[in-house]
Amino acid sequence: VKTISEINVQTEHLGELKGEPHMYEFAVGEATNLKMALMQLDSDTIVPLSLIVVRQNEDRGGVSEVGRLNGSNTDWQVVEDSVLGLAFNKSEVFVAELKTGIYRVEVSTPENYGKYVLVIGDQSVNKGYLATLSDIYTFQTFFNGSTFSMLGSSYVYYPIGITITILALYFTWRQRNKIKGISHA
């Protein structure tokens, strides 16, 4: 069971099912809305990823179902993420009103195999350039990309393009001045 500390701030949890479902747990201190979605790398074959949210019963033990997202009945949309340089199939957003208590989320498929991203929360936070580069590297390597596949990210190719443009302008200016100096001599 993986513990989630914050459910309102957007976080992405990478997972790979290898025969067993994955379980996440979090506590809610005051009533709030839960928003979550599943993503998988865009491909011709969509893995029917599902999730179920349950609340731990305080009085009688066991759990009560809050809701579920059935992967085979979900409308998967292709989403291009220019920052990560990847395309994903994204499920519809699961929304539930939660009371105080302890909750669990189970991610599974019928065979419990496949890679996924569990996106929890909807309040985005600016992590900074280096932290975002680290996230890009983590996503690329998780989905079997090479270090060179990071060049597909706007966080990588924009700075490289700007640097190349500045260097080209500098060398052009320098060459112009050399030619100008030769012509005056």
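**A tour from Tyr129 to the aromatic rings**

Start by selecting Y129: apart from neighbours within four places in sequence, Y129 is in contact with Y155 and P159. Keep in mind that you're looking at a predicted model. Y129 belongs to helix α1, which covers residues 129-142. Now click the C-alpha atoms of Y129 and Y155: they are 8.0 Å apart in space, though the two residues are 26 apart in sequence. Is Y129 buried or exposed? Neither, quite: its relative accessibility is 40%, so Y129 counts as partly exposed.

Next, hop over to I160 in helix α2 (residues 154-184). I160 has a relative accessible area of 37%, which makes it partly exposed. Add F148, L151 and I164 to your selection, and together with I160 you have a nonpolar surface patch with about 430 Å² of accessible area.

Time for some rings. There are 6 aromatic pairs in the structure. Select F26 and Y103: this pair is stacked because the ring centres are 5.7 Å apart and the planes meet at 15°. F26 sits in strand β3 and Y103 in strand β10, 77 residues apart. F26 is buried at 2% relative accessibility, and Y103 is buried with a relative accessible area of 2%.

Now try F88 and F139. With centres 6.3 Å apart and planes at 80°, this pair is edge-to-face. It joins strand β8, home of F88, to helix α1, home of F139, across 51 residues. F88 is buried at 1%, and F139 is buried at 6%.

Last stop: add F142 and F143 to see one aromatic cluster with F88 and F139. Then show K115, whose charged end sits over the F142 ring, 4.9 Å from its centre.

Terms used
Residues are numbered from 1 along each chain as its sequence is written. This is a predicted model: local features need pLDDT of at least 70, side-chain atom pairs count only at pLDDT 80 or more; totals for chains, interfaces and linings use all residues. Side-chain values use heavy atoms; hydrogens and water are left out. Helices (H or I, at least four residues) and strands (E, at least two) are DSSP runs, numbered from the N terminus. Buried means under 20% relative accessible area, exposed over 50%, partly exposed in between (1.4 Å probe, protein chains only). Contact means heavy atoms within 4.5 Å. Patches are made of residues with over 30% relative accessible area and no salt bridge: like charges are joined within 9 Å, nonpolar side chains (Val, Leu, Ile, Met, Phe, Trp, Tyr) within 5 Å. Accessible areas come from the Shrake-Rupley method with a 1.4 Å probe; for residues, only the protein chains shown count as cover. A salt bridge is a side-chain nitrogen of Lys or Arg within 4 Å of a carboxyl oxygen of Asp or Glu. Rings of Phe, Tyr and Trp (its six-membered ring) pair if their centres lie within 6.5 Å; planes under 30 degrees apart count as stacked, over 60 as edge-to-face and the rest as tilted. A charge sits over a ring if NZ of Lys or CZ of Arg is within 6 Å of the ring centre and within 35 degrees of the ring normal.
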